[in-house]
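Me: I'd like a close look at one part of this structure, namely its nonpolar interior. Take your time and tie it to the strands around it.

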Amino acid sequence: MTTIQGCAAPEQTVALPAGIDLASQAVIQGVVTGAGTAYARLLDHSGEFTGEVVVSDEGVFRFFAAPGSWTVRIIAGGGFTRDIPVEARLGEVSQLQVAV
């Protein structure tokens, strides 16, 4: 795993980073296509902001979340916003595809 200098976030790739024990993780990840710069925002079951990442140049984003109901909000240029409800489950990767 590599990090970008000046940022604590690991590189966003489709493949899970080596060493991730999926048995103890609930992962929400996805790919945003058709956007330049875009952001993925994680909202909890009540709609409260939990976290946000800039999607990679390939459109990839990932959150490690507690099991339960979440919403991923994709925000892109041109005023594009889409909310995607997702259920995070321990030991699974919830995969999203978002076309802008």
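Reply: Let's fix one word before we go in: a residue is called buried when its relative accessible area is under 20%. Keep in mind, too, that this is a predicted model.

By that cut-off, phenylalanine 61 and phenylalanine 63 are both buried. They're also a good way in, since the structure holds one aromatic pair, and these two make it. Their ring centres are 6.1 Å apart and the planes meet at 55°, so the pair counts as tilted.

Phe61 also belongs to the largest nonpolar core. That core has 21 residues, and the ones touching the most other members are Ile28, Ala40, Phe61, Val72 and Ile74. As for where the core comes from, two or more residues each are given by strands S1 (26-33), S2 (38-43), S4 (60-65), S5, S6 (80-88) and S7 (93-99).

Val72 shows how those pieces meet. Leaving aside residues up to four places away in sequence, valine 72 touches Ile28, Ala40 and Phe61, and its other contacts are Arg41, Leu42, Arg82, Asp83, Ile84, Val86 and Leu96. Three of those partners, Ile28, Ala40 and Phe61, are on the list of best-connected core members as well.

Now step back to the strands. The protein chain has seven strands and zero helices, so to speak a plain run of β-β-β-β-β-β-β along the sequence. S4, S1 and S7 form an open sheet in that order, with mixed pairing. S4 and S7 are the edge strands, each with a single partner, so one side of each has no neighbour in the sheet. From one strand to the next, the twist averages 15°. Within this sheet, S1 and S7 are parallel and share seven bridges. One residue to look at here is isoleucine 28, whose bridge partner in S7 is serine 94. Ile28 is one of the well-connected core members too.

The other pairings to follow centre on S2 and S5. S5 covers residues 68-76 and runs antiparallel to S6, with nine bridges joining the two. Glycine 68 has alanine 88 as its bridge partner in S6. Three residues lie between the strands of the S5 and S6 hairpin, and glycine 78 there takes a positive phi near 75°. S5 is also antiparallel to S2, this time through six bridges, and leucine 43 stands opposite threonine 71 in S5. S2 in turn pairs with S3 (residues 49-54), antiparallel again, over five bridges. Alanine 40, a name you'll know from the core, stands opposite valine 53 in S3. S2 and S3 make a hairpin with five residues between them, and glycine 47 in that turn has a positive phi of about 90°.

Two alanines are worth a stop as well. Alanine 88 is in strand S6 and is buried, at 2% relative accessibility. Beyond residues up to four places away in sequence, alanine 88 touches Ala26, Ile28, Ala66, Pro67, Gly68, Trp70 and Ser94. Ile28 and Ser94 are the bridge partners we met between S1 and S7, while Gly68 is alanine 88's own bridge partner. Alanine 88 also sits 9.3 Å from glutamine 25, C-alpha to C-alpha, although the two are 63 residues apart in sequence.

Alanine 76 is in S5 and is buried too, with a relative accessible area of 11%. With the same neighbours in sequence left out, alanine 76 touches Ala35, Thr37, Ala38 and Val100. Its C-alpha lies 9.9 Å from that of valine 55, which is 21 residues away in sequence.

To set all this against the whole chain: 37% of its 100 residues count as buried. Of the contacts between residues at least 6 apart in sequence, 55% join residues at least 24 apart. On the outside, the protein chain exposes about 5800 Å², with carbon and sulfur atoms supplying 53% of that area.

If you rotate the model yourself, I'd start at the tilted pair of phenylalanine 61 and phenylalanine 63, go on to valine 72 and its contacts with Ile28, Ala40 and Phe61, and finish at alanine 88 in S6.

Technical notes:
Residues numbered from 1 in each chain as written. Predicted model: local features only at pLDDT ≥ 70, side-chain atom pairs only at ≥ 80, totals over all residues. Heavy atoms only, no water. Helix = DSSP H or I, 4+ residues; strand = E, 2+ residues; numbered from the N terminus. Buried < 20%, exposed > 50% of the residue type's maximum accessible area, 1.4 Å probe, protein only. Contact = heavy atoms within 4.5 Å. Core = buried A, V, L, I, M, F, W, Y, C linked by side-chain atoms within 4.5 Å. Pairing = 2+ DSSP bridges. Axes fitted to C-alpha atoms, helices over the stretch in contact; angles between N-to-C directions. Phe/Tyr/Trp six-rings, centres within 6.5 Å; stacked < 30°, edge-to-face > 60°. Areas by Shrake-Rupley, 256 points an atom, 1.4 Å probe, with all protein chains shown as cover.
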